[in-house]
Amino acid sequence: MSRIKEDPGLFPPLPADTEIPEGTDRRAFLIRSAVIGAAAVMTGCNMSKEEQAQRAASEAATPPPAAAAKKALGAAMSDDLDVVARSKGPVMTILEEFYKVGPGPSSSHTIGPMRITYDFYQRCTQLPADQLAKATGLKVHLYGSLSATGKGHGTERAALAGLLGKEPASIDPAFLEEMVAKPEQSYPLKLGDKTFNLTLADIVYDSPTGEFPHPNTMTCKLMGGEQPVYELEYYSPGGGFYEWKGYTPPKKGAPKYPYATMKELRQHAETNKLSIAQVIMANELAVSGKSESDINAFLDKIASAMLATVKAGLSAKDDVLPGPIKLHSKAAAVFARSKEKKYESDRAIAQVSAFALAASEENARGHLVITAPTGGSAGVMPAVVYALVEGPRKIPMDKVREGLLAGAAIGYLCKHNATLSGAEGGCQSEIGVASAMSAAFLAQVYDSPPLVTENAAESALEHHLGMTCDPVAGYVQVPCIERCAFGAVKAWVAALIATNEIASRHRVDLDTTIETLAETGRDMSNKYKETSEGGLAANLVLC
Ligand code: SF4
């Protein structure tokens, strides 16, 4: 053991008898001591100097991921995945796949896993009787980012709820909250003529590192004693989408206006004198085979859910959000102050921020939100929709539909040519895409021509490039909640710039920015891809 003999200058003094444990990097120890000490003072954390030193020693002793020679998360996705293969043809995504209602806090770590285990249970019910006769229980194994940050996202509760036949769009969030309150509780599940009692222990946080086809990989198993009698590997690539090993996409109709890039989409619109929303509606009719009234009814349902999530968030007064961060909600306070005469000049920004905080706090509570495009970013677009519908403009529902269609076009393109998953591309893929979708929503609602709509989306996405995903303690709260407010405000700024500039002078096209999003995501260290191993997640001291 070595002893600190003097104040090293840069760092505050430690107790005179503080020892640097053998094998601990001195510099790392001093830095962690300084950070922990400063955080304790700032947060009013009641931690003695000795506790601070002990904690610094343990954190300094933990080798950084590179030094630990950890295997990288499965960031390089397998070419076998449909989500990869589909990026080669025209966009085929439809609205019902894209905008999904489900419980927060994450589309990839909550909604996706719940849909996956629901699917697995349905498959099990179809198995032959002799196979079912051998079954003794079910197990789910979570890998990669699902394992690294699943606890903070409630992945185990979502996965268990799916096995029990709960679907994201209709689940009562109170069911998930009960699992938090009673983690030991067992739940009966009928399969064939047997009943299994499942608990959260049946959802296993397996290896966070390794070579997986996708960073969000999970395996569902029907067990017969220690051996699986039936198993299937699944992937949750973001936005609540899911695939499984050997997945083939369902048959769909051919799009009326095939496009794989914004350039192609805009050409269709300009050649046929249509808005972006009209092109997307025509494609939706052709690809989904649904009627226009069904599609409009779906869009109205999504818009209503967005308005409801903001309203619910605004009515929650200064509660403490679930998890170890002990973060207080603030949407209601920001909204209340925005209405005071004294703050009139701040009102527009304050209110759109409050609306985004409100929906994002609902996400953190695990209440129902809408993936636009993901759970983490679920505050951005609802804030813009709410501001236009409930604010002074009072836009009618047909304009909201058009905005949602234009926003979907941007989300489709980002999914097609980059990613919507923080685990693949960092937060630029979630809040950045949500902001770009919202900017397109605004431009479309203002009846902007296609190029202006593109420019608005481009500008919003451009100013999120490089943004990392580092949720503190694996909870979708810090930085996610405030980031939704910034995403919504940036969307508004982008739409304002785009609708005021001469469109043809805009120097960056959306395709280039989406390509940059994809490239930056590929180059980004895995520490910053929803693993909670880097950034704020590594540096913020909670106590
Ligand atoms: S940091 Fe961004 S990408 Fe990561 S969980 Fe939060 S909102 Fe999602």
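**Exercise 1. Is aspartate 511 buried, partly exposed or exposed, and how many other C-beta atoms lie within 10 Å?**

Before starting, note that this is a predicted model: local features need pLDDT of at least 70, side-chain atom pairs count only at pLDDT 80 or more, and totals for chains, interfaces and linings use all residues. Residues are numbered from 1 along each chain as its sequence is written.

Step 1. Locate the residue: aspartate 511 lies in helix α21. Helices (H or I, at least four residues) and strands (E, at least two) are DSSP runs, numbered from the N terminus.

Step 2. Recall the cut-offs: a residue is buried if 20 or more other C-beta atoms lie within 10 Å of its own, exposed if 12 or fewer, and partly exposed in between, with C-beta atoms placed from the backbone.

Step 3. Apply them. Aspartate 511 has 19 other C-beta atoms within 10 Å, so it is partly exposed.

Step 4. Look for partners elsewhere in the chain. Two residues are in contact if their C-beta atoms, placed from the backbone, lie within 7 Å. Leaving aside neighbours within four places in sequence, aspartate 511 is in contact with Thr261, Met262 and Lys263. Its C-alpha atom is separated by 9.8 Å from that of alanine 260, 251 residues apart along the chain.

**Exercise 2. Work out how α10 and α19 are arranged.**

Step 1. Choose the descriptors. Two packed helices are described by the angle between their axes and the distance between the axes. Axes are lines fitted to C-alpha atoms, for helices over the stretch in contact, and angles run from 0 to 180 degrees between N-to-C directions.

Step 2. Read the values: helix α10 (residues 262-271) packs against helix α19 (residues 450-462) at about 155 degrees, and their axes are 9 Å apart.

Step 3. Classify the angle. Angles under 35 degrees count as roughly parallel, over 145 as roughly antiparallel, 65 to 115 as roughly perpendicular and the rest as oblique. α10 and α19 are therefore roughly antiparallel.

Step 4. List the residues that touch. On α10 they are Met262, Arg266, Ala269 and Glu270, and on α19 they are Pro450, Leu451 and Glu454.

Step 5. Sort them by class. Ala, Val, Leu, Ile, Met, Phe, Trp, Tyr, Cys and Pro count as nonpolar, Asp, Glu, Lys and Arg as charged, and the others, Gly among them, as polar. The contact of α10 with α19 has four nonpolar, no polar and three charged residues.

**Exercise 3. Repeat the analysis for α18 with α19, then for α12 with α14.**

Step 1. The axes of α18 and α19 come within 7 Å and cross at roughly 155 degrees. That makes α18 roughly antiparallel to α19.

Step 2. Residues in this contact include Gly432, Ala436 and Ala440 of α18, with Val452, Ala456 and Ala460 among those of α19. By class, the contact of α18 with α19 has eleven nonpolar, five polar and no charged residues.

Step 3. For α12 and helix α14 (residues 347-364), the angle is about 90 degrees and the axes are 7 Å apart. α12 and α14 are therefore roughly perpendicular to each other.

Step 4. Here Thr309, Val310, Ala312, Gly313 and Leu314 in α12 meet residues of α14 including Ala354, Phe355 and Glu361. The class count for α12 with α14 is seven nonpolar, two polar and two charged residues.

**Exercise 4. Check the length of α11 and find what surrounds its buried residues.**

Step 1. The expected span of a helix is 1.5 Å times one less than its number of residues. The 13 residues of helix α11 (residues 276-288) should span 18 Å, and the end C-alpha atoms are 18 Å apart, which agrees.

Step 2. Buried residues of α11 include Ile276, Val279, Ile280 and Val287. The buried residues pack against α4 (95-98), α10, α12 (292-315), α16 (397-417), α18 (431-445) and α19.

Step 3. Look just after α11: glycine 289 takes a positive phi of about 75 degrees.

**Exercise 5. Compare the backbone and burial of lysine 273 and serine 532.**

Step 1. Lysine 273, in the loop between α10 and α11, has a positive phi of about 50 degrees although it is not a glycine.

Step 2. Serine 532 is in the loop between α21 (510-523) and α22 (536-539), and its positive phi is about 55 degrees.

Step 3. Lysine 273 counts as exposed because it has 7 C-beta neighbours inside 10 Å, whereas serine 532 is buried, with 23 other C-beta atoms within 10 Å.
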